[in-house]
Amino acid sequence: MPDLEFEFSLRPDSDPELAPYVLKFTGKSIVWDDASGSDRVVGEIHGHKLDLAAAIVDGVNQSLLLDSVCPELSEFSQTAFGDDGCHYLQEMADGSMKKQECSGLVYINEITIDPDYRGQCIGSALMGKIGQMVDVEDSIIALKAFPLSPEYGKRVPDADVERVKRFYERLGFTHIGGEFMVKQANLCDTIKKRLAWRKDQPIKSAIISRTSSTPE
């Protein structure tokens, strides 16, 4: 993989009614191009982060919110969410799995890689940055695993569709229906480290408490 630099930008939705709940994000992977003597963008990712918890507290209808962001999100919600809304499975201290309500949804609208740089793990690197640059805790990450056709109206070969799905499967995404795939954001490396740190805190706090209370 070439030496990459990353740039991420996040901004509230331009619609003032959506802005409190919807962030648009864009990420770029950049390399130095010796031939042109300048930086070259070799990968881009675009998406939305929806604060479902804030919307629920404010009485905003979840379905209407998703419909308002983009048609693809409306289609996703019909495929992925039941009557009880967005949920994910969280591993508890005893090893059991408990259904938890999602506080957020990170939806990836598009990821593109420069054809000259495909097969060099740039897409994986961009996806890996999501957990660092966007607050994804207690959320699910979702996308439509269907490659864009290089020619408008031309059918995408089945082999390309399967290749894209296998790529996302390697990143931990699972199929939920249609072309949609999801990943529990708490499985991202950044969130795993954060949760491991939190799990360790009561132990450390207890040690510090016992140490401080020991008579001299």
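Tutor: Helices (H or I, at least four residues) and strands (E, at least two) are DSSP runs, numbered from the N terminus. The model is predicted: local features need pLDDT of at least 70 and side-chain atom pairs 80 or more, while totals for chains, interfaces and linings use all residues. Residues count from 1 along each chain as its sequence is written, and side-chain values use heavy atoms, without hydrogens and water.

Student: How many helices and strands are in the chain?

Tutor: Both kinds of element occur in the chain. The count is 6 helices and 9 strands.

Student: Which strands are the edges of the open sheet?

Tutor: Pairing means that DSSP finds at least two bridges between two strands. The open sheet has 7 strands in the order 1-2-3-6-7-9-8, and its pairing is mixed. An edge strand pairs on one side only. That picks out strand 1 (5–12) and strand 8 (174–177).

Student: How many bridges join strand 6 to strand 7?

Tutor: Strand 6 covers residues 104–113 and strand 7 covers residues 139–144. The two run parallel, and Leu105 stands opposite Ile140 in strand 7. The bridges joining strand 6 to strand 7 number 5.

Student: What share of the chain do buried residues make up?

Tutor: Buried means under 20% relative accessible area; exposed means over 50%, with partly exposed in between (1.4 Å probe, protein chains only). The chain has 216 residues. Buried ones make up 37%.

Student: Why do the buried residues of helix 3 line one face of the helix?

Tutor: Leu73, Ser74, Phe76 and Ser77 are buried in helix 3. Look down the axis and take the directions from it to the C-beta atoms, which define the arc. The buried residues line one face because they fall within an arc of 160°.

Student: Which exposed residues sit on the face of helix 3 turned away from its buried side?

Tutor: The buried residues of helix 3 pack against strand 3, helix 2, strand 6, strand 7, strand 8 and strand 9 (180–184). The face turned away from that buried side carries Pro71 and Gln78.

Student: Which helix gives the most to the largest nonpolar core?

Tutor: A nonpolar core is a set of buried Ala, Val, Leu, Ile, Met, Phe, Trp, Tyr and Cys residues joined through side-chain atoms within 4.5 Å. The largest has 26 residues, and Met127, Ile130, Leu143, Tyr168 and Phe173 have the most contacts inside it. Strand 2, strand 3, strand 6, helix 4 (122–133), strand 7 and helix 5 each supply at least two residues. With 5 residues, the one that gives the most is helix 4.

Student: How many residues are in the second, separate core?

Tutor: This core is separate from the largest one. Tyr21, Leu52, Leu65 and Leu105 are among its members. Its residues number 20.

Student: Which residues is Ile130 in contact with, leaving aside neighbours within four places in sequence?

Tutor: Contact means heavy atoms within 4.5 Å. Ile130 is one of the residues with the most contacts inside the largest core. Beyond those neighbours, Ile130 touches Phe8, Phe25, Ile45, Val106, Val136 and Ile141.

Student: Is Lys165 buried or exposed?

Tutor: Lys165 lies in helix 5 (residues 158–170). Outside its neighbours within four places in sequence, Lys165 is in contact with Ala145, His175, Glu179 and Met181. Its relative accessible area is 14%, so Lys165 is buried.

Student: Among contacts between residues at least 6 apart in sequence, what share joins residues at least 24 apart?

Tutor: The base is the chain's contacts between residues at least 6 apart. Those joining residues at least 24 apart come to 60%.
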